[in-house]
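Dear colleague,

Please find the structure below, together with its sequence. A summary of what was found in it follows.

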Amino acid sequence: MFDDLPALVEFARAGSIAAAADRLCRTPSAVTRQLQRLEDALGAELLDRSVKPPRLNALGARVLEQALGLLQGAEALKSLTSSETEPHGVLRVGLAHPLAVGPLTGPTRALTETFPRLRLRLLSEGASALFSRLLAGELDVAVVALPVGRTAPAPLLTNIVATDRVEIVKSAAEKVDGNWKSLGGAPWVLNPLGCFLRASLVDHLERAGYTPTIAAEIHNIHLQLEFVQSGYGLGLLPASVIARNNARGAFEVLRVPSFDLRMAVAVVRAGQLGALEKAVKLLEDGIGDLFDAPGN
């Protein structure tokens, strides 16, 4: 029945079966059969055939109104699912806490500037919570940090867009050396429990025989930097973040032998996104550039 609706629409627009056939690039007999099939499917006559040429009757006019809505809706669905369509509507983006940094406003602003019909909805949470939201259909993509070589749990799809070295950092005035004994006696400003970066550092310290003193557990990277700069404790931060915030030499990187920690920056999704694909690709490129810092 749905395939026969265009014949009804073109008949109404053209005013005759012959003219509708010409607009549809079909024969008049083919258009006549389509209109008859539509009437049979609906169980009612839509044309007044008592006049020459036939015209829509009152019921046919009402069916035409609904047919136009259905066809327009079908076109909207095709537009929504086509990766060739300009992105539009809402793109729901989740940001893992370690990646919710100020410079990320650049890639996100580029999205709305490039695609004016697109709106962003941003949410910052832990990676596991973001994965749950993706699986529940509450997010379109999530930007997360993962251990190098790891992916998000199936059936989520993972695209690694950048890698970044993670450094031990101290304030320039802090009297701490780059060895495990000195690090083991210092306080730390770290992400809360559940962060794989923190877990790796703690594992290295404990294997060296030291239990770290956690002075502050903070999700926000910029606040961590402020605490480290003030001498409150040592930090564990991405090299790209340090490079953007160390113009005055307020921090020093401590390189410890056998400690080479890196993270992968990934854009994770639950499946294909149709018309939003171009926007996601632009976001991935922008995030890749954001973490492309010296020393990575």
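A residue counts as buried under 20% relative accessible area, as exposed over 50% and as partly exposed in between, with a 1.4 Å probe and protein chains only. Ser 182 is therefore buried, as its relative accessible area is 19%. Ser 182 belongs to helix H7 (residues 180-184), helices being DSSP runs of H or I with at least four residues, numbered from the N terminus. Beyond its neighbours within four places in sequence, Ser 182 is in contact (heavy atoms within 4.5 Å) with Val 176 and Asp 177.

The model is predicted: local features need pLDDT of at least 70 and side-chain atom pairs pLDDT 80 or more, whereas totals for chains, interfaces and linings use all residues. Residues are numbered from 1 along each chain as its sequence is written, and side-chain values use heavy atoms, without hydrogens and water.

The largest nonpolar core (buried Ala, Val, Leu, Ile, Met, Phe, Trp, Tyr and Cys joined through side-chain atoms within 4.5 Å) has 54 residues, of which Ile 168, Leu 183, Leu 201 and Leu 236 touch the most other members. Helix H11 (residues 277-290) contributes the most to this core, namely 5 residues. Apart from this core lies another of 16 residues, including Phe 11 and Ile 17.

Phe 11 of H1 and Ile 17 of H2 are also among the residues through which these two helices meet. Helices H1 (residues 5-14) and H2 (residues 17-24) pack with their axes 8 Å apart, the axes being lines fitted to C-alpha atoms over the stretch in contact.

Yours faithfully

Key
Axes are lines fitted to C-alpha atoms, for helices over the stretch in contact, and angles run from 0 to 180 degrees between N-to-C directions.
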